[in-house]
Amino acid sequence: MTAIVTLTMNPALDKGTRTKLVMAEHKLRCDALRTEPGGGGVNVSRAIHKLGGDSLLLHVSGGTNGQALQRLLRHEHLDQRCLAIEGETRESLTVFDEATTNQYRFLMPGPAVARGEWEGVLEELGRLDPAPGHLVASGSLPPGVPADFFVRVAARLADRPTRVIIDTSGPALHALTTGDAPIHLVKPNLRELSQLVDRELGHDRDVIDAARDLLGRTRIEAIVVSLGAGGVVLVTDDVTAHVRSPTVPIASKIGAGDSTVGGITLGLARGMTLVDAVRYGVAAGAAAVMTPGTQLCGREDTEHLYAQLVAEATTGSE
């Protein structure tokens, strides 16, 4: 299997709990706190592992929280390479309101990362031997890291046989549209794509036209637009496909996006066509929705849903 490396510049200790009802100015009695490793690339690697694949998780971390993060990753038997930073790895908190079934997610900005520290990450990528077949850069950038960092990642790997997949947001996503490095795949959601092209997007045709607009003025090869419960729209120069998400019971939407990216990447590494890899990713995302809290996709559910999507595509009902 082609090697997969994931990159996480802003990992987190994801902490979650439940309470009967969230009310302002009240003491909220909560269940026991659950702590899991988190952050974009971390969860992509976790999803790949749950799906039966392997990856190398490259991440920065520091302080007591960073040590705890590494222990949790070892406990899940993930292959990791940690680049130490001086700052303390962040925490995040999710609270599930049992009365309303709403989830409240509190995300911290993360530690400041010094120039020498983030430049060290780029140097580490250049030293990867053998070069990975796929590099997934996912998640937010912490303070101190330039908005075009993921463009620099792609540029560092431009002369190597590595397909770069990026899932980010905000200024880091916008920077991908102004850089000149080759990027295999980018996964914005509908709102983010609308912001990138500075216009409202309604029907599939609008989404496809907007994605084609970006493809025409960048070196991005494929765009997968997340539509939430509506699935995704895949757009390349030669292919367009709307892969609708299967209907599943919803336990939690946390981790669905990272599971989708993990599924797409693993599918590509296993030699699937891009369309089939996207179907596999959508199946993984739907499988994650079926699990409670911050749990990710299950392999059995993913395989079952993927077979369903392939069957629907064969009958023309996708």
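This note goes through a four-stranded sheet, two helices lying across it, the pockets and cavities, and one residue of helix 10 in a predicted model.

1. Sheet order. The strands follow one another as 3-2-6-7 in an open sheet, and the pairing is mixed. The edges are taken by strand 3 (34-38) and strand 7 (103-107); each has a single partner strand, so one side of each has no neighbour in the sheet. On average, and with direction ignored, neighbouring strands are turned by 20 degrees against each other.

2. Strand 2 and its partners. Strand 2 covers residues 12-19. Its pairing with strand 3 is antiparallel and has five bridges, with alanine 12 opposite glycine 38 of strand 3. With strand 6, strand 2 pairs in the parallel sense over eight bridges; here threonine 19 stands opposite aspartate 97 of strand 6. Strand 2 is mostly covered, with six of its eight residues buried.

3. Strands 6 and 7. Strand 6 spans residues 90-97 and is joined to strand 7 by five bridges in the antiparallel sense. One of the bridge pairs is valine 95 with tyrosine 104 of strand 7.

4. Helices across the sheet. Helix 1 (residues 40-50) lies across strand 2 and strand 3, and its angle to strand 3 is about 95 degrees. Helix 2 (residues 63-75) lies across strand 2, strand 3 and strand 6, and runs at about 85 degrees to strand 3.

5. Largest pocket. The largest pocket holds about 1,300 Å³ of space. Its lining has 49 residues, and those nearest the centre are Lys253, Gly255, Ala256, Gly257 and Asp258. Elements that give two or more residues to this lining are strand 2, strand 3, helix 1, strand 6, strand 7, helix 6, helix 8 (256-269) and helix 9 (274-289). By class, the lining of the largest pocket has 17 nonpolar, 22 polar and ten charged residues.

6. Largest cavity. Searching the whole structure gives two cavities of 30 Å³ or more. About 50 Å³ of space lies in the largest cavity. Its lining consists of Leu173, Thr177, Val186, Pro188, Leu193, Leu196, Leu214, Ile220 and Ile223. Helix 6 (190-197) and strand 11 (220-226) are the elements that give two or more residues to it. Eight of the lining residues are nonpolar and one is polar, with no charged residue.

7. Second largest cavity. The second largest cavity has about 40 Å³ of space. Around it are Met9, Asn10, Pro11, Val60, Ser61, Ile85, Thr89, Arg90, Pro111, Val113 and Pro142. Seven of these residues are nonpolar, three are polar and one is charged.

8. Glutamate 312. Is glutamate 312 buried or exposed? Its relative accessibility is 25%, and because buried means under 20% and exposed over 50%, glutamate 312 counts as partly exposed. Glutamate 312 sits in helix 10 (residues 299-315). Its C-alpha atom is 9.9 Å from that of arginine 244, a residue 68 positions away along the chain.

Definitions and conventions
Residues numbered from 1 in each chain as written. Predicted model: local features only at pLDDT ≥ 70, side-chain atom pairs only at ≥ 80, totals over all residues. Heavy atoms only, no water. 1 Å grid on protein atoms, 1.4 Å probe; cavity = no way out; pocket = protein on both sides within 12 Å on 5 of 7 lines; lining within 4 Å. Points joined across faces, edges and corners; volume = space filled by probe spheres on them. Nonpolar A, V, L, I, M, F, W, Y, C, P; charged D, E, K, R; others polar. Pairing = 2+ DSSP bridges. Axes fitted to C-alpha atoms, helices over the stretch in contact; angles between N-to-C directions. Contact = heavy atoms within 4.5 Å. Buried < 20%, exposed > 50% of the residue type's maximum accessible area, 1.4 Å probe, protein only.
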